[in-house]
Structure formats: C-alpha cells, structure tokens
Amino acid sequence: QVQLVESGGGLVQAGGSLRLSCADSGRTFSSYAMGWFRQAPGKDREFVAAMLWSGGRTYYADSVKGRFTISRDNAKNTVYLQMSSLKAEDTAVYYCAASNRWVLVTTPQYDYWGQGTQVTVSS
C-alpha cells in the first residue's frame with residue numbers, strides 16, 4: 001500500500017525558496033507517475049508538476065515553469081519539489097500524488113494522495 005507523507009512546507013518571503021518532499025512510508029512506491037498539486041482557499045485543486053517513474057519525463061504547469069523543479073531519489077523512495085522565486089500566488093496547500101496505472105498526469109486522477117503541506121508566501 002502506497003502511503004505518501006509530505007514535508008517541507010512553511011512560511012517564506014516572496015522571492016524565496018522551499019523544497020517539498022514526498023516519501024512513501026509504505027515502501028511500495030508508485031510504478032507509473034508521481035505528481036504535485038496545490039489548492040488555495042476557495043479554489044479548485046490544480047496541477048503543479050509530475051514525473052513519470054520510467055524514463056523520468058517531467059511535466060509542469062505554465063505558472064511554475066522555470067521556477068519549480070520535480071526530482072526523485074530512488075534509494076529513498078522520495079520525490080521532491082524544489083520551488084524558487086516564490087510568489088504570493090503560490091500560497092496553497094501542496095499535495096503529492098502517486099499512481100501505479102496510466103493516468104493523465106496533469107489531472108487529479110491519481111490513486112494515492114498525501115495529507116498536504118501548507119506553503120505560505122508573504123509579499
């Protein structure tokens with residue numbers, strides 16, 4: 001059973017950086033894709049970034065392209081989201097997600113979700 005645990009959120013000033021981590025405590029990591037989504041108050045959950053486990057192809061939302069980087073550490077069963085040049089509009093709860101089957105990685109079709117971690121960017 002995939003069990004995702006996010007960490008690394010917090011309060012940061014605009015222009016700053018944070019790195020989010022997503023670890024699979026169940027030690028049965030996704031075999032297809034990992035993704036990051038975010039949800040701001042009063043808004044729908046939106047796609048941020050994703051990575052295919054095989055081959056490592058990455059996908060990014062236009063709003064974060066060039067500022068955020070998704071990466072992985074196979075040995076630690078962990079996926080990261082490095083966030084730089086943060087803006088106030090990046091404030092949201094960030095969720096990681098995993099899937100063992102094919103999904104359209106830019107949509108919230110994933111099978112497993114973490115509990116979320118709050119990121120607050122002060123302007």
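## Salt bridges

D62 sits out in the open: with 66% relative accessibility, it counts as exposed (over 50% relative accessible area is exposed, under 20% is buried, and partly exposed is what falls in between, using a 1.4 Å probe and protein chains only). Keep in mind that this is a predicted model, where local features need pLDDT of at least 70 and side-chain atom pairs count only at pLDDT 80 or more, while totals for chains, interfaces and linings use all residues. Residues are numbered from 1 along each chain as its sequence is written, and side-chain values use heavy atoms, with hydrogens and water left out.

D62 has a charged partner in K65, and their side chains form a salt bridge at 3.1 Å, N to O; the rule here is a side-chain nitrogen of Lys or Arg within 4 Å of a carboxyl oxygen of Asp or Glu. K65 is partly exposed, with 49% relative accessible area. By that rule there are five salt bridges in total. In general, side chains of opposite charge can pair when their charged atoms come close.

R101 and D111 make another one, with N to O at 2.9 Å. Both R101 and D111 lie in the loop between β9 and β10 (112-113), so the pair ties together parts that are 10 residues apart in sequence. (Strands here are DSSP E runs of at least two residues, helices are H or I runs of at least four, and numbering starts at the N terminus.) R101 is partly exposed at 42%, and D111 is partly exposed too, at 35%. Elsewhere, R38, E46, R67 and D90 are joined into one network by salt bridges that share partners. Within it, E46 and R38 bring their closest N and O atoms to 2.5 Å. R38 is buried, with a relative accessible area of 5%, whereas E46 is partly exposed at 36%.

## The disulfide

Searching the whole structure turns up one disulfide, meaning a pair of cysteine sulfur atoms within 2.5 Å. The partners are C22 and C96, with their sulfurs 2.0 Å apart. C22 belongs to strand β3 (residues 18-24) and C96 to strand β9 (residues 92-99), so the link ties together parts that are 74 residues apart in sequence. For the dihedral fans: the angle about the S-S bond is 55°, which makes the link right-handed. Both ends are hidden, C22 being buried at 0% relative accessibility and C96 buried at 1%.

## Around β3

β3 is mostly covered, as five of its seven residues are buried. Strand β1 (residues 4-7) pairs with β3 in the antiparallel sense over four bridges, where pairing takes at least two DSSP bridges between the strands. L4 has D24 of β3 as its bridge partner. β3 also pairs with strand β8 (residues 78-83), again antiparallel, over six bridges. There, L20 stands opposite L81 in β8.

## The nonpolar core

The largest nonpolar core (buried Ala, Val, Leu, Ile, Met, Phe, Trp, Tyr and Cys residues joined through side-chain atoms within 4.5 Å) has 36 residues, and W36, V48, F68, L81, M83, Y94 and Y110 have the most contacts inside it. β3, β4 (33-39), β5 (46-52), β7 (68-73), β8, β9 and β11 (117-122) each supply at least two of its residues. β5 gives the largest share, six residues.

F68 is a handy place to zoom in. Leaving out residues up to four places away in sequence, F68 touches R38, V48, Y60, L81, Q82, M83, S84, L86, D90 and Y94, a contact being heavy atoms within 4.5 Å. R38 and D90 from that list are also members of the salt-bridge network.
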